[in-house]
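Student: I am new to this structure and would be grateful for a close look at a single part of it.

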Amino acid sequence: MANQSEPLVVVDHVEKHYGDFHALKDVNLTVERGQVVVVIGPSGSGKSTLCRTINRLETITSGEIRIDGKVLPAEGKALANLRAEVGMVFQSFNLFAHKTILENVTLGPIKVRGVSKAEAEAEARKLLDRVGVGHQANKLPAQLSGGQQQRVAIARALAMRPKVMLFDEPTSALDPEMINEVLDVMVELAREGMTMVVVTHEMGFARKAADRVVFMADGQILEDETPEEFFTNPRTDRSKDFLSKLITH
Ligand SMILES: Nc1ncnc2c1ncn2[C@@H]1O[C@H](COP(=O)(O)OP(=O)(O)O)[C@@H](O)[C@H]1O
Ligand SMILES: [Mg+2]
């Protein structure tokens, strides 16, 4: 049962070590239902690690992560169920190369959600239409452009009916002319009320769609503000330095 008073995502005093390396240091983050949080920061600051811990692709050393009021289970069926509530889109699209676009999108619902093939296909076609690649349903991933493949990856994640979507630099591997077609889908998703955590350096997206910008450096969250506040009045030397480099490149 959903706990309406608790934020949808709560990252509570989370620490993560990779051996001797301290990758997340007392990270605290809450994401309310329908909120869009953009996470930015220099390479190696722990952004991907944070995303990966939120859907338990990585374990945490201590602290707690709750999705919709439920603590992330360590393993087993409970973990599979909870993980299905968290959609993830990576920089590399990770589509199955030998399956069609339609099969890529129906696989999860059929296997994990137990949906019939016919129902999964009907829903997949709607989602593919929504991200603008409905006419590509019978092709293989390699026959699509990078931007199209990433939009399929978004449709595939949505097919699981997640409560929250995590995006880890979804446009970083794309040619410049394809970035906007993916960002447009994400902006639309945000407008429709999807709860989203988005690691991106696309500041246009942050300004357009984000409720909050979280700035990370060295495994810590240094700032957590509105985009307006963050871009006009960054508070730390790290964020000032980071923003100045973004603007000059
Ligand atoms: N599996 C791993 N084993 C050891 N170190 C890792 C592993 N994954 C990430 N790291 C280290 O953790 C730090 C944060 O990485 P990451 O979360 O990928 O940063 P970002 O996404 O902000 O670039 C980096 O220094 C990286 O080298
Ligand atoms: Mg990363």
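Which residues does Met 196 touch, leaving aside residues up to four places away in sequence?

Tutor: The model is a predicted one. In it, Met 196 touches Gln 35, Val 36 and Val 37, then Met 165 and Phe 167, and further along the chain Met 186, Leu 189, Ala 190 and Phe 205. Several of these names return in the description of the largest nonpolar core, which has 50 residues. Met 196 is among the members that touch the most others, together with Leu 128, Ile 154, Met 165, Phe 167, Met 186 and Phe 205. Helix H6, residues 176-191, supplies the largest share of this core, 9 residues. Another core, of 25 residues, lies apart from it and includes Val 14, Leu 24, Val 37 and Ile 67.

Helix H6 deserves attention in its own right. Its 16 residues should span 22 Å at 1.5 Å a residue, and this agrees with the 24 Å between its end C-alpha atoms. The buried residues of H6 are Met 178, Ile 179, Val 182, Leu 183, Val 185, Met 186, Val 187, Leu 189 and Ala 190. An α-helix has 3.6 residues a turn, so residues three or four places apart point the same way. The buried residues of H6 pack against three strands, E3 (36-40), E7 (164-168) and E8 (195-199), and against helices H4 (117-130), H5 (146-158) and H7 (203-209). After H6 comes Gly 193, with a positive phi near 100 degrees.

Note on methods: Residues numbered from 1 in each chain as written. Chains lettered and ligands numbered in written order. Predicted model: local features only at pLDDT ≥ 70, side-chain atom pairs only at ≥ 80, totals over all residues. Heavy atoms only, no water. Core = buried A, V, L, I, M, F, W, Y, C linked by side-chain atoms within 4.5 Å. Buried < 20%, exposed > 50% of the residue type's maximum accessible area, 1.4 Å probe, protein only. Helix = DSSP H or I, 4+ residues; strand = E, 2+ residues; numbered from the N terminus. Contact = heavy atoms within 4.5 Å. Expected span 1.5 Å × (residues − 1).
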